[in-house]
Amino acid sequence: MKDFDTYRRRFVTSVLGIAATTALPVGVMFWQTAQGKEVDDSPASSKIRWGMLVDTTKCATGCNACVSACNKENGISGEVTDTSPQWIRKVNVTNPENGYSFTLPMMCQHCEEPPCVDVCPTGASFKRADGIVLVDRHICIGCRYCMMACPYKARSFIHQPVEDQLAEVPRGQGCVESCTFCVQRIDAGQQTTACQDACNAEGHQAIFFGDLKDPESSISKQLATYGAKEVLPDLNLHTGVRYQGI
Amino acid sequence: MQITFRELEGSNKSFYGLLGGLGLLAVIGLFAAWQMEHYGHIITGMTNQIVWGMPHVFAVFLIVAASGVLNVASIATVFGKKFYKPLAPLSALLAIALLAGGLMVLMLDLGRSDRLIVAMTHFNFKSVFAWNVFLYSGFFTLAAAYIWSMMDRNMVPYNKTIGYAAFFWRLSLTTGTGSIFGFLVARQAYDSALLAPMFIIMSFSYGLAIYLLVLMAAYGCSKRPLGDAVIRRLKNLLGVFIGATLYFVLVYHMTNIYFTKQHGLERFILLNGGVYPLLFWLGQVFVGAVLPLFLLYAPITRQSRKAVALACLLVVLGGLAQMYVTIIGGQAYPLPLFPGMTVSSSFFDGVVHPYSPSLVETMLGIGGMAVAGVIVVIALRVLRFLPESLDDSVVDPHH
């Protein structure tokens, strides 16, 4: 009997020992996760619609500050091959008849009626209550139907393993991604995007970002005064990105 | 006269030889998929501009053909043509096999094919793809039940009901496949309700061509009698389907040519788009339609079985060309971001997008065809799909 008690004691001790040894790395992992930036975890509100206004008359030809800033903010390499992701790009537009030209940044237009969301089979492409169109990387199966559907060619497929990702911007091979309006900043309470900050830092101030539903926001006031157009307006997608001077 | 169905006999050597060859191609296809999974789509020719490539050419072709090949059974059951009755089991078998091959390619080309279970459990019911998940799985079930109702005497009373269901289901399925493209407002080459009926008529043509090829090959290899009546009936029907497909292609392009905003696209596909006009005129129109029509109806060739077989093969090749022009050509032409303006960017706006398919993605596509072949070869060998004889004295040409 006594022998059995000793055996039982030893058994329980070793089981606990193994459990503790196993739990340690797991605990460290959770601790690391907990050290990530704190975000406001309240759900996005439909009282807000985030939008962007680009004044193409102030957008400088040859300036790529917004693109570089986006790449840095979201951990994108910045390569420009036909398989590398580009969340934002500068598009140069010229009228072939009279030579009139302008340049503008093109990215996900965060449509009110996004075709990418319509076609996504799993619901991975989705629009938040505050108007931001995102890809849920957990349920994106990499079918690329959204890329076929997007009239603005705003989405990129990740063709190879991704290294050096940023903690706030998880990315991965085999999924589709695009501009998020710097959602990691918005959820951390910031009110500007990386491209806008970079444009302002260059002194161009061509990009406005804010709440389209708030008549007092600078973007709403700017829109009310000068107006702006959507790219491909006849598609009636009510884009969240508007352009002046196109 | 009673028609008896029997498993395919013939030498073990040729059976295992054929199975081995097809199996090898299937394994190479799976190996290609594994490479794509491991290294990513960087090892394919697909890019952020040409997002759907060679796998989709093969997959869509196989899926379209799968629904079309069931027509032979539908003519027997739904339209009550007794003549087609002995031909029906093979039709349903081919439908299952081709769909399986096509879906394999489509699934293994996904960026995250490991998440197949996600596609089966998360649905956005506004997506044509999500509808297709149900249409494809329902088609498998119906085609299998169809075969059951043909082979099991106890199930025969249900044959007509299942046949009707399968017929309407297959029309929905191809409508779904055509609408994958038809519902894309963004792309000039798609964005048309015409694509759904056009895909249906294409399916008639591709499916029947594959049916005839398999039928002639199976009866040729096993030395079973196959009468002229069957061949004549099926080849004349194929001719009608080829003509109807050509008609839809004509209407599609005529409509586009009428609309000024589509002129650039039409010029690209029909005249100056490099490989696409070549594949359109030489592949889709000449090889896929004009030449087969000639072979099927010209007095000097119409009696020849070899000419019929060649015509069927050409329809398949023309079909693949048609898929290439539709799927790749439609993406190669740049999106009209600012209509009437010239645009340029680091993301290749405003320029024709080049595409050169790599060996891996082509092998994946061929692997899908091989999987369909493996299914057919095994099924014909172990189950009673084919009548012992389709001689003119056995079949009833008056129904």
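**View 1. Salt bridges join chain B and chain A.** Across the interface of these two chains, the rule finds 3 salt bridges. Keep in mind as you look that this is a predicted model. One pair to look for is Arg89(A) and Asp349(B), whose side chains meet in a salt bridge at 2.5 Å, N to O.

**View 2. Here is the side of chain B that touches chain A.** Helices H1 (12-39), H5 (116-121), H6 (128-151) and H7 (159-182) of chain B each give two or more residues to this side, and so does strand S2 (342-345) of chain B. Sorted by class, the residues on this side are 28 nonpolar, 19 polar and 7 charged. The contact takes 54 residues from chain B and 54 residues from chain A. Between them, the two chains bury about 4500 Å², with 60% of it on carbon and sulfur atoms. You can also look for polar contacts here: the count between the chains is 30 residue pairs.

**View 3. A strand of chain A pairs with a strand of chain B.** Strand S2 (residues 88-94) of chain A and S2(B) run in the antiparallel sense, paired over 4 bridges. To find your way, start at Thr94(A), which stands opposite Thr342(B) in S2(B).

**View 4. Now meet Gln244(A), a residue in strand S9 of chain A.** Strand S9 covers residues 241-244. Is Gln244(A) buried or exposed? Gln244(A) counts as buried because its relative accessibility is 8%, and the cut-off for buried is under 20%. The side chain of Gln244(A) reaches the backbone oxygen of Gly227(A) at 3.5 Å. Leaving aside neighbours within four places in sequence, Gln244(A) is in contact with several residues, including Leu53(A), Asp55(A), Thr57(A), Gln222(A) and Tyr226(A).

Technical notes: Residues are numbered from 1 along each chain as its sequence is written. Chains are lettered from A and ligands numbered from 1 in the order in which they are written. This is a predicted model: local features need pLDDT of at least 70, side-chain atom pairs count only at pLDDT 80 or more; totals for chains, interfaces and linings use all residues. Side-chain values use heavy atoms; hydrogens and water are left out. Contact means heavy atoms within 4.5 Å. Buried area is the accessible area (1.4 Å probe) that two parts lose on being put together, summed over both. A salt bridge is a side-chain nitrogen of Lys or Arg within 4 Å of a carboxyl oxygen of Asp or Glu. A polar contact is a pair of N or O atoms within 3.5 Å; within protein, one must be able to donate a hydrogen and the other to accept it, and residues adjacent in sequence count only if both atoms are side-chain atoms. Ala, Val, Leu, Ile, Met, Phe, Trp, Tyr, Cys and Pro count as nonpolar, Asp, Glu, Lys and Arg as charged, and the others, Gly among them, as polar. Two strands pair if DSSP finds at least two bridges between them. Buried means under 20% relative accessible area, exposed over 50%, partly exposed in between (1.4 Å probe, protein chains only).
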